Amino acid sequence: MTTADHYDLILARCRALFLAKTHDYGTAWRILRLPSVTDQIFIKANRIRTIQEAGTQMIADDVEGEFVAIINYCLIALMQLRLPATAPLDLPTAEVAAAYDHENAQNRDLLLAKNHDYGEAWRQMRVSSITDLILMKLHRVKQLENIGGAALVSESVEGSYRDMLNYAVFALILSGK
């Protein structure tokens, strides 16, 4: 199966879960400021790393589910970046689904372009290294958020969210999930 095929399967699963949660909770995530979304991603990535290092876990939620959550939180962040400050907290499901699909399509294009240029080097990586890359990107995003996004030479927070999303996809592919 190609990377594009894997990506599509994984994101279809993520989208189904996201829309099911939208049905249950509405767009409660809209209340989160961007740094709070970043912290949610950090919680998920840190849990993955803790489990990887300990070799055991005490809560039944699997690591793969945490990578799915990272993907969906990254997409939430990307949607939040696009929404105007005046957007209501409660959004229609159809509007949210369209925004999710838009960000997903942009992200897929980026993944395929980078995958071409890097020659699928991620396939030789360990999932634990991918977790570390996500945590590094989170640290960078937190630094940018702390300075109000006034970066001199760094990539945008948008680019970091897209990279973290793609790393999580790679981790799921490598995990066979």
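**Pockets and helix packing in a predicted model**

The second largest pocket of this structure, which is a predicted model, has a volume of about 300 Å³. Its lining consists of 15 residues, and those nearest the centre of the pocket are Lys114, Tyr118, Asp163, Tyr167 and Phe170. Three elements each give two or more residues to this lining: H4, helix H5 (127–146) and helix H6 (157–175). By class, the lining of the second largest pocket comprises nine nonpolar, two polar and four charged residues.

The largest pocket has a volume of about 400 Å³. It is lined by 18 residues, of which Phe18, Lys21, Tyr25, Tyr73 and Ile76 are the closest to its centre. Here the elements that contribute two or more residues are helix H1 (3–25) and H3. H3 supplies the largest share of this lining, with seven residues. The lining of the largest pocket divides into 10 nonpolar, four polar and four charged residues.

The two helices named for the largest pocket, H1 and H3, also pack against one another. Two packed helices are described by the angle between their axes and the distance between the axes. For H1 and H3, the axes come within 10 Å and cross at roughly 75°. Because crossing angles of 65 to 115 degrees count as roughly perpendicular, H1 is roughly perpendicular to H3. On the H1 side, the contact is made by Ile10, Leu11, Arg13, Cys14, Leu17 and Phe18. On the H3 side, the residues are Glu64, Val68, Ile71, Asn72, Leu75, Ile76 and Met79. By class, the contact of H1 with H3 has 10 nonpolar, one polar and two charged residues. Phe18 and Ile76 thus take part in this contact, and both are also listed among the residues closest to the centre of the largest pocket.

H3 has a further packing partner in H4. Helix H3 (residues 63–82) and helix H4 (residues 93–118) pack at an angle of about 105°, and their axes are 10 Å apart. That angle makes H3 roughly perpendicular to H4. From H3, the residues Asn72, Leu75, Leu78, Met79 and Arg82 meet Val96, Ala99, Tyr100, Glu103, Asn104 and Gln106 of H4. This contact has six nonpolar, three polar and two charged residues. Asn72, Leu75 and Met79 of H3 appear in the contact with H4 and also in the contact with H1.

Aromatic pairing completes the description. A search of the whole structure finds three aromatic pairs. One of them joins Phe18 and Trp29 in a tilted arrangement, with 6.2 Å from centre to centre and 50° between the planes. This pair links distant parts of the chain, 11 residues apart: Phe18 belongs to helix H1, whereas Trp29 lies in the loop between H1 and helix H2 (34–54). Phe18 therefore recurs throughout this account: in the tilted pair with Trp29, in the contact of H1 with H3, which are roughly perpendicular, and by the centre of the largest pocket.

Notes
Residues are numbered from 1 along each chain as its sequence is written. This is a predicted model: local features need pLDDT of at least 70, side-chain atom pairs count only at pLDDT 80 or more; totals for chains, interfaces and linings use all residues. Side-chain values use heavy atoms; hydrogens and water are left out. Axes are lines fitted to C-alpha atoms, for helices over the stretch in contact, and angles run from 0 to 180 degrees between N-to-C directions. Helices (H or I, at least four residues) and strands (E, at least two) are DSSP runs, numbered from the N terminus. Angles under 35 degrees count as roughly parallel, over 145 as roughly antiparallel, 65 to 115 as roughly perpendicular and the rest as oblique. Contact means heavy atoms within 4.5 Å. Ala, Val, Leu, Ile, Met, Phe, Trp, Tyr, Cys and Pro count as nonpolar, Asp, Glu, Lys and Arg as charged, and the others, Gly among them, as polar. On a 1 Å grid over the protein atoms alone, a cavity is a set of points where a 1.4 Å probe fits but cannot get out, and a pocket is an open set with protein on both sides within 12 Å along at least five of seven lines; lining residues have an atom within 4 Å of a point. Grid points are joined across faces, edges and corners, and a volume is the space filled by probe spheres set on the points. Rings of Phe, Tyr and Trp (its six-membered ring) pair if their centres lie within 6.5 Å; planes under 30 degrees apart count as stacked, over 60 as edge-to-face and the rest as tilted.
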